Amino acid sequence: MADWLDPLRDAIEGCDHATHTWEAGDGRLLLTDHAARVLGCELPGVEDNIFWHDPALTHADTAGPLLAKGGPFGGDRFWIAPEVGFIWTDLEAARIDPISSAELPAAMDPGEWGVIEQDQGRLVWAATMALQDHRSDKRITLNVSREVLELGPPTDLPADVRQLGFAVRHDLSLVEGDEQAVAGGWQLLQIPPGGTLVCPTVGPVDQPRAYFDPLGPENVRVDDRAVRFFIGGPGRVKMGLRPDQTAGRMGYYRRVNATMSTLIARSFLPQPGEVYVDLPRESEDLVGGDTLQAYSDDGTYGGFGEMEHHEPAIVVGEGPSLRSGTSVTHVFAGPDEAIRDLTRTFVGEPVD
């Protein structure tokens, strides 16, 4: 294996942040207590991180400032939705210039995560987050837990395919909040550019919802069974699908060299009829948001992509005060033809 994981781990630990290196499946996972990340994913035959991390993290002198401010520095992370409420203090300014007007709450990321349980192949972090929705000035305080569990290999894999897998469970529990304040779980996995995110749909979708630049044919292709979203296309683009539109699966296929490809296959549970709260900046609504989202960065934050999904929200004074969600992720590396076949099996639709 290429030696990128150990220097990354050493640089983070050089900033006095604890890490955990798991022997998982045929490879390794790198987890960080700081910001509760699943930061690195290593499989034989792939020279770099199958996930994305900021190159500045590989040197302690540049990793420190990056880790201190939180934000999109790589791997699988957990935030609280709605972005439109918690991250922009001035919505009108955000509609004009979303980059310079964004202010990520430190309580959300990096947060104050601590390990509360740890076993072989299992880790649970917890944090308390106090947030303010700047659209309404409503406040909410949550206890949040994030459990990562290593999974065994799927059955009947081709002999020349390497794999690892993990599940993540999130629990949000209301501590206190203003009446009608909302908060929903939001899991994001950052991925390198150059591939296609395949998102099976429930019936045809005219066009996914757009969040930043308009979605063009260079970014999205839609048919009666799936939306295919290209990571690394033109513009800074983000798409969303409602809970009644997504089949609860997405897979990121990418060629890594002339003979080998990778697949990150993730499944989650969309719940039509439940309250979802993440919406574009232009929306005046507070509910009716999307479940599946995908993002392609144009270099503004480092030139990565994101696989994202949301859980139903807590609404103070209505419905449950505890919300939970689980995702399952399998990562594969192997000959291109075999990985394309696995995309059909684990995602449900072909790459092309």
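The lining of the largest cavity has three nonpolar, four polar and two charged residues. Here Ala, Val, Leu, Ile, Met, Phe, Trp, Tyr, Cys and Pro count as nonpolar, Asp, Glu, Lys and Arg as charged, and the others, Gly among them, as polar. The model is predicted: local features need pLDDT of at least 70, side-chain atom pairs count only at pLDDT 80 or more, and totals for chains, interfaces and linings use all residues. Residues are numbered from 1 along each chain as its sequence is written, and side-chain values use heavy atoms, with hydrogens and water left out.

**Cavities**

- The structure holds two cavities of 30 Å³ or more. A cavity is a set of points, on a 1 Å grid over the protein atoms alone, where a 1.4 Å probe fits but cannot get out. Lining residues have an atom within 4 Å of a point. Points are joined across faces, edges and corners, and a volume is the space filled by probe spheres set on them.
- The largest cavity encloses about 40 Å³. Its lining consists of F78, H170, L172, G185, E311, P312, R323, S324 and G325.
- Strands β8 (162–177), β18 (305–315) and β19 (322–335) each give two or more residues to that lining. The largest share, three residues, comes from β19. Helices (H or I, at least four residues) and strands (E, at least two) are DSSP runs, numbered from the N terminus.
- The second largest cavity has a volume of about 30 Å³. E83, V84, W88, Y211, F212, L279, P280 and R281 line it. By class, that lining has six nonpolar, no polar and two charged residues.

**Pockets**

- The largest pocket holds about 520 Å³ of space. A pocket is an open set of points with protein on both sides within 12 Å along at least five of seven lines.
- The largest pocket is lined by 27 residues, with G71, P72, W79, A102 and Y301 nearest its centre. Elements giving two or more residues to this lining are α2, β4 (76–81), β9 (182–191) and β18.
- The lining of the largest pocket divides into 16 nonpolar, two polar and nine charged residues.
- The second largest pocket has a volume of about 190 Å³. It is lined by 13 residues, and V46, E47, D48, N49 and R254 are the closest to its centre. Its lining counts six nonpolar, four polar and three charged residues.

**Helix α2**

- A63, L66 and L67 are the buried residues of helix α2 (residues 60–69). Buried means under 20% relative accessible area, exposed over 50%, and partly exposed in between (1.4 Å probe, protein chains only).
- These buried residues sit on the same side of α2, because they cover an arc of only 100° around the axis. The arc is that of the directions from the helix axis to the C-beta atoms.
- On the other side of α2, D61, P65, A68 and K69 are exposed.
- The buried residues of α2 pack against α1 (5–13). Contact means heavy atoms within 4.5 Å.
- G70, just after α2, takes a positive phi of about 70°.

**Helix α5**

- Helix α5 (residues 336–346) buries D336, A338, I339, L342 and T343. Their arc around the axis is only 155°, which puts them on the same side of α5.
- E337, R344 and T345 are exposed, on the face of α5 turned away from its buried side.
- The buried residues of α5 pack against β10 (196–200), β15 (249–255), β16 (260–267) and β19.
- Just after α5, G348 has a positive phi of about 105°.

**Buried polar and charged side chains**

- E42 lies in strand β3 (residues 37–42). Its relative accessibility is 1%, so E42 counts as buried.
- The side chains of E42 and R28 are joined by a polar contact of 2.7 Å. A polar contact is a pair of N or O atoms within 3.5 Å; within protein, one must be able to donate a hydrogen and the other to accept it, and residues adjacent in sequence count only if both atoms are side-chain atoms.
- S296 is found in strand β17 (residues 292–296). At 0% relative accessibility, S296 counts as buried.
- The side chain of S296 reaches the backbone nitrogen of G232 at 2.8 Å.
- Leaving aside neighbours within four places in sequence, S296 contacts residues including F229, F230, I231, G233, F304 and G305.
- S296 and K238 are 58 residues apart in sequence, yet 6.3 Å apart in space, C-alpha to C-alpha.
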